[in-house]
Amino acid sequence: MKVVLDWDGTVTETDGLHLVLLEFGDEKIYDAAENELGRDLTLHEVIAMEFESVRAPLEEVVAWMVENVRIRNGFAELARRHRPLIVSSGFHELIEPVLDREGLEVDVVANRIDSRPDGWRAQFRNADPCSVCGQPCKRADIAGLGEFAYAGDGFSDRCIALAATRIFARDGLADYLEARGVPFERFEDFHDVIRAL
């Protein structure tokens, strides 16, 4: 069975996008956008709004990410054993340097960023609304994949997790699934996932 993983807050110990916004963006815009997520704004709209407040050069942000973002325990072992697919609402430009630091090669499906001095512009890989949730979401990334196990932690993981044969969840995704009576397995690190698989 294929293993599919979220990146921010799942593979990483904390949400790297959040860290970038706190370090380089506008925290007021971040707070306002997050409060509207799932109410008046789609995830794409929230990410676009938040990252327009980032004006630092990409090289500076990448260097900061490589120095500060930590990978959850057990990920390297899981990556070598199962060669997971990373499906992220984040950006290739911020994910791949961290994977390079770790010496790991895995397939990544993510968005792109146009890092402009007047504010970064998110370039989303998929604009078509999902037939299930009504928003562009990660479910499109696994079309035709067959049975898969999914591990995630947050809002962007809800719809894709519901398509998985087996779900590993933590934090907000675990709360969401529990409230809906959807079976899942909690995990703290990837050693938990490896043992379960």
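Which helices each supply at least two residues of the lining of the second largest pocket? Helix 4 and helix 8, the latter spanning 158–163, do so. The model is a predicted one, and the pockets and strand pairings below are described from its atoms.

## Largest pocket

The largest pocket encloses about 400 Å³ of space. Its lining is made up of 21 residues, and Asp15, Glu34, Leu43, Phe155 and Ser156 are the closest to the centre.

Several elements contribute to this lining. Helix 2 (16–24), helix 3 (27–36), helix 4 (43–51) and strand 2 (85–91) each give at least two residues. The largest share is that of helix 4, which provides four residues. Sorted by class, the lining of the largest pocket holds eight nonpolar, six polar and seven charged residues.

## Second largest pocket

For the second largest pocket the volume is about 330 Å³. Its lining counts 20 residues, and those nearest the centre are Cys133, Gln135, Cys137, Phe155 and Cys159. Phe155 is thus named among the residues at the centre of the largest pocket and also among those nearest the centre of the second largest pocket.

Helix 8 gives the most to the lining of the second largest pocket, namely three residues. Helix 4 supplies at least two residues here, and this helix also supplies part of the lining of the largest pocket. The class composition of the lining of the second largest pocket is nine nonpolar, seven polar and four charged residues.

## Strands 5 to 7

Strand 5 covers residues 148–152 and strand 6 covers residues 166–169; the two pair in the parallel sense over four bridges. Within this pairing, Arg166 of strand 6 stands opposite Ala149. Between these two strands the chain passes through helix 8, and the resulting β-α-β crossover is right-handed. Helix 8 therefore has two roles in this description: the connection from strand 5 to strand 6, and the largest contribution to the lining of the second largest pocket, under the DSSP assignment of helices.

Strand 6 also runs parallel to strand 7 (residues 185–186), to which two bridges join it. Ala169 has Arg186 in strand 7 as its bridge partner. From strand 6 the chain goes through helix 9, residues 171–179, to reach strand 7, and this β-α-β crossover is right-handed.

Technical notes. Residues are numbered from 1 along each chain as its sequence is written. This is a predicted model: local features need pLDDT of at least 70, side-chain atom pairs count only at pLDDT 80 or more; totals for chains, interfaces and linings use all residues. Side-chain values use heavy atoms; hydrogens and water are left out. On a 1 Å grid over the protein atoms alone, a cavity is a set of points where a 1.4 Å probe fits but cannot get out, and a pocket is an open set with protein on both sides within 12 Å along at least five of seven lines; lining residues have an atom within 4 Å of a point. Grid points are joined across faces, edges and corners, and a volume is the space filled by probe spheres set on the points. Ala, Val, Leu, Ile, Met, Phe, Trp, Tyr, Cys and Pro count as nonpolar, Asp, Glu, Lys and Arg as charged, and the others, Gly among them, as polar. Two strands pair if DSSP finds at least two bridges between them. A crossover is right-handed if, with the strands pointing away from the viewer, the path from the first strand over the helix to the second runs clockwise.
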